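Thanks for passing this one along. Here are my notes, set out point by point so that you can follow them with the structure open beside you.

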Amino acid sequence: MTAQSRDIDGLAQLESEAWPSGLRADASTIRMRLLRGHRVVVAAFEHRFVAAACFYHTAADPTNATTFPRDFESFSTSPASTPVRSTYVYNLCVTPAQRGRGSAERVIDAVICDARANGARFLVGDGRCPSYAGTAGPGPDRIRHDPQFQRAIDDWLCTGLRPDLRLLIRDPVLRYYHRRLGCEFLHLAPGFLPEDRASGGFRVIFAKPLGAARAGDGP
Ligand SMILES: CC(C)(COP(=O)(O)OP(=O)(O)OC[C@H]1O[C@@H](n2cnc3c(N)ncnc32)[C@H](O)[C@@H]1OP(=O)(O)O)[C@@H](O)C(=O)NCCC(=O)NCCS
């Protein structure tokens, strides 16, 4: 289901459960995004939101790294635009107690259906990579630092050459997206969200081409 403006407090509550501090959207941020044409698909359990994904349709071309939003602030606040070329998705999250139960898949599937229905050719996201530095201290994330993955990202930044897929999917979030969406990792976005210290501020921008759906296809 798609959240409405009356659901903003429930969405902010989910953000506070699912994200480490510093990465949570508060009610006023969520309200501003909705006013810019963004939407939020949610899954609920026992009258509470347990999973969400924010998205908007845009005329932007995700494959051009020089015109891609420079940082998360701009990625998550750009107004929706037409003609629809891409659907940009961000802040996929599941409350910790409900992880591993398929709700992330349900909200992503709903975003993909909406993207296709609106004629988007790409589903595009900003993949976190929290094993770059790993998580420490209190918070819902429990991700280990992976020195080999960190080296791969640092080399990508230095050389501009995308590392081998096997190295990228050492990270649990990038592996999740690759396995779930069969997406391609397009470009490295340094300093995209400095507050995401586990990810070293990096995001790995990914895209899933959305061909016309065929009978029997999943999303
Ligand atoms: C990413 C996320 C939405 C996946 O939801 P889920 O219900 O756990 O999804 P699934 O059960 O289908 O997949 C589990 C996989 O996600 C991985 N994963 C990704 N991020 C994770 C996280 N922060 N904590 C634990 N596991 C995570 C697991 O390692 C597992 O992969 P594996 O079996 O290859 O190790 C959820 O873990 C989450 O909300 N994470 C925090 C927010 C976040 O980082 N969102 C990504 C934004 S780019």
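**Notes on the sheet, its helices and the ligand shell**

1. Let me begin in the middle of the sheet, bearing in mind that this is a predicted model. Thr-87 has Leu-123 in β4 as its bridge partner. The two strands concerned, β3 and β4, run parallel and are joined by four bridges. β3 covers residues 86-94, and β4 covers residues 122-127.

2. On the β2 side, the pairing changes sense: β2 and β3 are antiparallel, with seven bridges between them. A handy pair to look for here is Tyr-56, which stands opposite Tyr-88 in β3. How many of the nine residues of β3 are buried? The count is eight, so the strand is largely enclosed by the rest of the structure.

3. Next comes the hairpin. Strand β1 (residues 39-45) pairs with strand β2 (residues 48-58) in the antiparallel sense, again over seven bridges. Arg-39 finds its bridge partner in Phe-55 of β2. Two residues lie between the strands of this hairpin, and Glu-46 takes a positive phi near 50° there. I would pause at Glu-46 when you look at the backbone.

4. What is the strand order of the whole sheet? Reading across, it is β1-β2-β3-β4-β6-β5, an open sheet of six strands with mixed pairing. β1 and β5 stand at the edges; each has a single partner strand, so one side of each is left without a neighbour in the sheet. On average, neighbouring strands are turned by 25° against each other, direction ignored.

5. At the β5 edge, the partner is strand β6 (residues 203-209), and the two pair in the antiparallel sense over five bridges. Ala-189 has Arg-203 in β6 as its bridge partner. Phe-185 also belongs to this edge, as its place is in strand β5 (residues 184-189).

6. Is Phe-185 buried, exposed or partly exposed? Within 10 Å there are 19 other C-beta atoms, and burial takes 20 or more, so Phe-185 counts as partly exposed. Beyond its neighbours within four places in sequence, Phe-185 is in contact with Arg-162, Leu-168, Val-204 and Phe-206. Thr-135, by contrast, is 50 residues away along the chain, and its C-alpha atom is separated from that of Phe-185 by 23 Å.

7. Now the helices. Helix α1 (residues 8-18) lies across β1, β2 and β3 and runs at about 105° to β2. Its buried residues are Ile-8, Leu-11, Leu-14, Glu-15 and Ala-18. Viewed down the axis of α1, they fall within an arc of 120°, so they line one face of the helix. That fits a general rule: an α-helix has 3.6 residues a turn, so residues three or four places apart point the same way. I would note Glu-15 as a charged residue in this buried set. The buried residues of α1 pack against α2 (27-35) as well as β1, β2 and β3.

8. The loop between α1 and α2 holds both Gly-22 and Leu-23, and these two make a nice contrast. Gly-22 has 11 C-beta neighbours inside 10 Å and counts as exposed, whereas Leu-23 has 20 and is buried. Leaving out residues up to four places away in sequence, Leu-23 touches Glu-195 and Asp-196. Leu-23 also lies 9.3 Å from Asn-91, C-alpha to C-alpha, although 68 residues separate them in sequence. For Gly-22 and Ser-74, which are 52 residues apart along the chain, the C-alpha separation is 17 Å.

9. Finally, the ligand. Which residues come nearest to the ligand? Of the 16 around it, they are Cys-93, Arg-99, Ala-104, Pro-172 and Tyr-176. The shell divides into nine nonpolar, two polar and five charged residues. β3, α4 (103-117) and α7 (172-181) each supply at least two shell residues, and α7 gives the largest share, with four. α7 itself lies across β4 and β6, running at about 165° to β4.

Definitions and conventions: Residues numbered from 1 in each chain as written. Predicted model: local features only at pLDDT ≥ 70, side-chain atom pairs only at ≥ 80, totals over all residues. Near = placed C-beta within 6 Å. Pairing = 2+ DSSP bridges. Buried ≥ 20, exposed ≤ 12 C-beta atoms within 10 Å, placed from the backbone. Contact = placed C-beta atoms within 7 Å. Axes fitted to C-alpha atoms, helices over the stretch in contact; angles between N-to-C directions. Arc of directions from axis to C-beta.
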